[in-house]
Amino acid sequence: MADVQSLQGIRYSRDIIGDLAQVVTPPFDVISEEDQARYYTRSPYNIIRLELGKADTGATSLNNRYTRAAGIFGEWRINDILRQDAIPCYYLYQQIFNYDGQSYTRTSLLARVRLEPWSARVVLPHETTHNKAKNDRLKLLRACAANFSPIMTMYDDPQGRIRRLLTAYAANADVQFTDEVNEEHRLHPITDPTQIALIQNFFAERQLYIADGHHRYETALNYREEIREQRWPIHENDAVNFVLMALIDVDDPGLLVLPTHRLLFGLSPATLSTLSSQRLAEYFTVQELGTTIPIEAILGQLAQAGEEQPSFVISTPEQNWLLSLNEQGKRRMEQSGHSTAWNGLDVAVVHTLLLEALLGISQEDVTAGRYVRYTRDAQEALQAVKMGEATHVQAALLLNATRVRQICDVAQADDRMPQKSTYFYPKLITGLVINPLW
């Protein structure tokens with residue numbers, strides 16, 4: 001199964017950098033142009049210059065965001081801004097954060113993991129990737145030959161052995177700092193040969209589930225194939241055979257998945273007329289919640305209903321409905337061509353029965369950004385419906401969060417979840433450990 005190895009990570013030299021909060025960022029795919037500019041200003045050594053450098057209209061094959069990242073990466077190594085650890089090690093990485101008034105601690109292991117094709121069923125995906133994001137990351141890999149951010153991955157450990165081992169290092173972690181959004185980060189190298197062997201042997205019997213980072217994983221596979229074509233053969237333990245991952249126990253109490261709600265816009269009056277109790281009752285048990293019910297009560301009833309059946313809420317200017325899958329809806333889902341695990345997802349029911357069957361919104365429409373956009377804030381979704389013409393939002397679909405075990409079940413079934421099915425919160429930080437591929 002999974003070959004999870006220690007690595008000689010490249011890290012910021014704290015005696016030169018000082019506060020690591022000044023040089024780290026979230027992953028590239030959640031950084032806006034405004035965020036990018038702020039990180040550039042924050043420190044001349046911020047990892048943004050490597051992870052997501054500024055683009056320019058006059059870019060050439062020899063001078064672009066990727067070649068500049070490679071030049072800066074080399075310069076920082078020469079000037080000891082970045083320093084490679086002397087011996088291979090694993091790294092405890094812990095994030096302590098608050099969400100909705102509750103404190104969470106998420107514990108992960110940073111390691112390099114041997115690349116395997118999806119067909120090997122060692123590393124399991126749950127979502128479909130798109131070429132645009134992969135092309136960008138591939139250009140960065142070609143230029144820099146390093147992983148600047150880890151892929152978030154999950155593993156099964158019913159006894160919690162690895163999490164207990166890692167947690168023992170947390171209180172006296174070598175690196176501790178608080179970032180711009182008041183999340184605490186702890187990092188500590190694990191160098192004990194006995195524990196390194198124990199960790200590697202533990203993962204040798206396990207599959208891994210990608211939580212966040214499908215595009216980067218496929219990019220790493222593509223990069224390895226390019227290197228093979230350029231200088232075949234590649235030796236078994238060449239660094240290009242591995243990718244940086246943060247490995248998290250599926251039962252970690254800090255492994256938080258948030259829902260992503262849907263906002264509907266641009267629908268014709270005839271299509272909108274489908275959102276009536278009579279039509280919805282074809283596939284769902286329909287409960288009217290009224291228009292004055294507080295958001296907390298809506299979400300509470302939605303969570304309760306979701307424990308029994310796939311459920312969601314439709315909010316329109318005229319009504320809020322709580323919908324739960326009925327028997328006819330279950331039979332229709334069985335004809336989806338997908339796995340049983342997929343058919344049981346709230347988001348799959350929404351896309352198959354409501355968007356496609358009732359509203360006529362195709363998967364191609366959703367992928368192209370027609371008729372559906374997204375928010376993770378339920379209050380924002382309801383407010384957008386109330387504002388109506390100002391936001392062009394005609395209805396909101398409120399969903400429960402997808403459960404971690406559901407994600408694993410879909411991956412085990414070799415299926416792919418609908419777009420925007422999961423949002424793991426918070427994102428892993430970029431810039432703590434860099435994995436060289438040379």
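**Exercise 1. Backbone outliers**

Task: Determine whether aspartate 80 is buried, partly exposed or exposed in this predicted model, and describe its backbone.

Solution:
- Step 1. Take the relative accessible area of aspartate 80, which is 30%.
- Step 2. Apply the cut-offs: buried means under 20%, and exposed means over 50%. Aspartate 80 is therefore partly exposed.
- Step 3. Locate the residue. Aspartate 80 sits in the loop between helix 4 (65-78) and strand 3 (82-84).
- Step 4. Read the backbone angle. Phi of aspartate 80 is near 65°, a positive value in a residue other than glycine.
- Step 5. Set this against the general rule. Most residues other than glycine have a negative phi.

Task: Repeat the analysis for lysine 420, and say where this residue stands relative to the largest pocket.

Solution:
- Step 1. Phi of lysine 420 is near 55°, again positive in a residue other than glycine.
- Step 2. Lysine 420 belongs to the loop between helix 17 (404-412) and strand 20.
- Step 3. With a relative accessible area of 45%, lysine 420 is partly exposed.
- Step 4. Lysine 420 is among the lining residues closest to the centre of the largest pocket.

Task: Find the geometry of the peptide bond from tyrosine 425 to proline 426.

Solution:
- Step 1. Omega is near -10°, and the bond is cis.
- Step 2. Most peptide bonds are trans.
- Step 3. Proline 426 lies in the loop between strand 20 and strand 21 (435-436).

**Exercise 2. Two pockets**

Task: Characterise the largest pocket by volume, lining and chemistry.

Solution:
- Step 1. The volume of the largest pocket is about 1,200 Å³.
- Step 2. The lining has 35 residues, and those closest to the centre are Glu127, His130, His215, Gln419 and Lys420.
- Step 3. Assign the lining to elements. At least two residues each come from helix 5 (131-144), strand 11 (208-212), helix 8 (214-231), helix 14 (346-358), helix 15 (363-367) and strand 20 (423-425).
- Step 4. Sort by chemistry: 9 nonpolar, 15 polar and 11 charged residues.

Task: Do the same for the second largest pocket. Which element gives the most to its lining?

Solution:
- Step 1. The second largest pocket holds about 570 Å³.
- Step 2. Its lining counts 21 residues, with Tyr99, Asp100, Pro259, Leu299 and Ala378 nearest the centre.
- Step 3. Two or more lining residues come from each of strand 13 (256-258), helix 11 (295-306) and helix 16 (378-387).
- Step 4. Helix 11 gives the most, with 6 residues.
- Step 5. The lining of the second largest pocket splits into 13 nonpolar, 4 polar and 4 charged residues.

**Exercise 3. Strand 11 and its partners**

Task: Explain why strand 11 is largely enclosed, then list its pairings.

Solution:
- Step 1. Count the buried residues of strand 11: 5 of the 5 are buried, so the rest of the structure largely encloses this strand.
- Step 2. Strand 6 (residues 123-124) runs parallel to strand 11, joined by 2 bridges. Here leucine 124 stands opposite tyrosine 209.
- Step 3. Strand 8 (residues 151-155) runs antiparallel to strand 11, joined by 3 bridges. Threonine 153 stands opposite isoleucine 210.

**Exercise 4. A polar residue in strand 1**

Task: Is glutamine 5 buried or exposed, and what surrounds it?

Solution:
- Step 1. Glutamine 5 lies in strand 1 (residues 4-5).
- Step 2. The relative accessibility of glutamine 5 is 13%, so this residue counts as buried.
- Step 3. The side chains of glutamine 5 and aspartate 3 make a polar contact of 3.1 Å.
- Step 4. Leave aside neighbours within four places in sequence. Glutamine 5 is then in contact with Tyr90, Ala111, Arg112, Arg114, Gln200, Asn237 and Phe242.

Notes: Residues are numbered from 1 along each chain as its sequence is written. This is a predicted model: local features need pLDDT of at least 70, side-chain atom pairs count only at pLDDT 80 or more; totals for chains, interfaces and linings use all residues. Side-chain values use heavy atoms; hydrogens and water are left out. On a 1 Å grid over the protein atoms alone, a cavity is a set of points where a 1.4 Å probe fits but cannot get out, and a pocket is an open set with protein on both sides within 12 Å along at least five of seven lines; lining residues have an atom within 4 Å of a point. Grid points are joined across faces, edges and corners, and a volume is the space filled by probe spheres set on the points. Helices (H or I, at least four residues) and strands (E, at least two) are DSSP runs, numbered from the N terminus. Ala, Val, Leu, Ile, Met, Phe, Trp, Tyr, Cys and Pro count as nonpolar, Asp, Glu, Lys and Arg as charged, and the others, Gly among them, as polar. Buried means under 20% relative accessible area, exposed over 50%, partly exposed in between (1.4 Å probe, protein chains only). A polar contact is a pair of N or O atoms within 3.5 Å; within protein, one must be able to donate a hydrogen and the other to accept it, and residues adjacent in sequence count only if both atoms are side-chain atoms. Contact means heavy atoms within 4.5 Å. Two strands pair if DSSP finds at least two bridges between them.
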